Amino acid sequence: MPKIFALVPAAGQGTRMGEAFPKQYLPLAGRPMMFHSLETLAAVDRITAVIAILSPMDRHWGAHDWSAFPDKIEALFAGGATRGASVANALAMLEGRAAPTDWVLVHDAARPCIGRELVEQFLDEVGDDPVGGLLAMPLADTLKRSEGLLRVSETIPREGLWRAQTPQMFRYDILRRGLARKPEATDESQAVESVGGMPKLVQGANANFKVTFTDDLPIAEMILARRVADEETSS
Ligand code: CTP
Ligand code: MG
């Protein structure tokens with residue numbers, strides 16, 4: 001059975017959030033934001049290791065308590081200037097440890113609201129696909145293009161359009177080749193597409209949104225609070 005290595009890119013600056021420190025460490029439901037993604041992934045038995053990719057200049061990791069995840073979580077201070085560079089650096093570190101057909105699952109530290117059930121479902125759906133796949137949402141809104149004047153210049157039909165989320169999971173070998181070919185890719189899927197892979201689309205969830213702006217925080221807080229309440233009633 002191929003192993004699954006989970007990477008959690010957490011080396012960004014969170015510039016759109018406009019806070020004094022990176023958003024992945026902002027308090028959310030009583031924990032630093034990235035705690036939630038790490039906790040969810042660590043709880044999935046099929047995942048061998050969960051690797052947080054941190055900036056080499058990170059001064060926050062050591063200030064928090066990660067002891068809830070004995071053995072399964074690793075901190076890698078090898079983030080790069082872009083998300084693609086952060087993931088590529090982690091893949092280089094996995095050389096020799098990951099076989100070419102092992103899986104690399106990548107999930108944003110900034111998507112704290114993913115639930116374990118959705119991760120399990122995603123892993124089931126990707127199954128033994130030769131390439132891999134990603135969570136994504138079919139577009140609900142009508143799309144407009146503007147040439148910068150705050151005037152609509154074009155309507156783009158939404159048929160067949162999806163918004164990519166994470167997790168995205170690919171075989172180690174194709175992901176590594178993809179990121180070498182297209183380092184500017186803004187997600188792993190784009191890198192894999194650049195070397196001819198056709199990633200599988202798996203339906204995601206609106207709750208799995210990327211926390212980006214200050215007003216996203218109360219929404220994430222609400223989703224996480226409801227999850228905890230649901231878990232308490234079902235246990
Ligand atoms: N990320 C990373 N290395 C980078 C840039 C981003 O590991 N050089 C991570 C972020 O920490 C985040 C995820 O990639 O978990 C998605 O990126 P994004 O939401 O854009 O986060 P930031 O780049 O930190 O935010 P912003 O673009 O607002 O600065
Ligand atoms: Mg960014």
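Hi everyone. Before anything else, one definition: a strand here is a DSSP run of E with at least two residues, and strands are numbered from the N terminus. With that in hand, I can introduce strand 10, which supplies four residues to the lining of the largest pocket, the largest share. One thing to keep in mind as we go is that this is a predicted model.

Let's stay with that pocket. How much space lies in the largest pocket? About 610 Å³. Its lining is made up of 28 residues, and the closest to the centre are Arg-16, Lys-23, Arg-83, Asp-108 and Lys-210. Strand 10 covers residues 162–171, and along with strand 1 (4–10) and helix 2 it is one of the elements that each give at least two residues to this lining. If we sort the lining by class, we get eight nonpolar residues, 13 polar ones and seven charged ones.

Now for the ligand. Ligand 1 has 19 residues around it, and those that come nearest are Pro-9, Gly-14, Thr-15, Lys-23 and Ser-86. You may recognise Lys-23, which we met among the residues closest to the centre of the largest pocket. Arg-16, also from that group, has a polar side-chain atom 2.9 Å from an oxygen atom of ligand 1. The backbone takes part in the picture too: a polar backbone atom of Ala-10 is 3.3 Å from an oxygen atom of the ligand, and one of Ala-81 is 3.3 Å from a nitrogen atom of the ligand.

Let me pause on Ser-86. You'll find this residue in helix 2, which runs over residues 83–93. Is Ser-86 buried or exposed? Its relative accessibility is 4%, and the cut-off for buried is under 20%, so Ser-86 counts as buried. Leaving aside residues up to four places away in sequence, Ser-86 touches Ala-11, Ile-53, Ala-78, Gly-79 and Gly-80.

Last stop: the second largest pocket. The space in this one is about 360 Å³. It has 15 lining residues, with Cys-113, Gly-115, Glu-117, Arg-227 and Asp-230 nearest the centre. Which elements give two or more residues to this lining? They are helix 3, residues 116–126, and helix 6, residues 217–234. Helix 6 gives the most, with five residues. By class, the second largest pocket is lined by six nonpolar, three polar and six charged residues.

That's the tour. Thanks for listening, and do have a look around the model yourselves!

Terms used:
Residues are numbered from 1 along each chain as its sequence is written. Chains are lettered from A and ligands numbered from 1 in the order in which they are written. This is a predicted model: local features need pLDDT of at least 70, side-chain atom pairs count only at pLDDT 80 or more; totals for chains, interfaces and linings use all residues. Side-chain values use heavy atoms; hydrogens and water are left out. Buried means under 20% relative accessible area, exposed over 50%, partly exposed in between (1.4 Å probe, protein chains only). Contact means heavy atoms within 4.5 Å. On a 1 Å grid over the protein atoms alone, a cavity is a set of points where a 1.4 Å probe fits but cannot get out, and a pocket is an open set with protein on both sides within 12 Å along at least five of seven lines; lining residues have an atom within 4 Å of a point. Grid points are joined across faces, edges and corners, and a volume is the space filled by probe spheres set on the points. Ala, Val, Leu, Ile, Met, Phe, Trp, Tyr, Cys and Pro count as nonpolar, Asp, Glu, Lys and Arg as charged, and the others, Gly among them, as polar. A residue is near a molecule or strand if one of its heavy atoms lies within 4 Å of it. A polar contact is a pair of N or O atoms within 3.5 Å; within protein, one must be able to donate a hydrogen and the other to accept it, and residues adjacent in sequence count only if both atoms are side-chain atoms.
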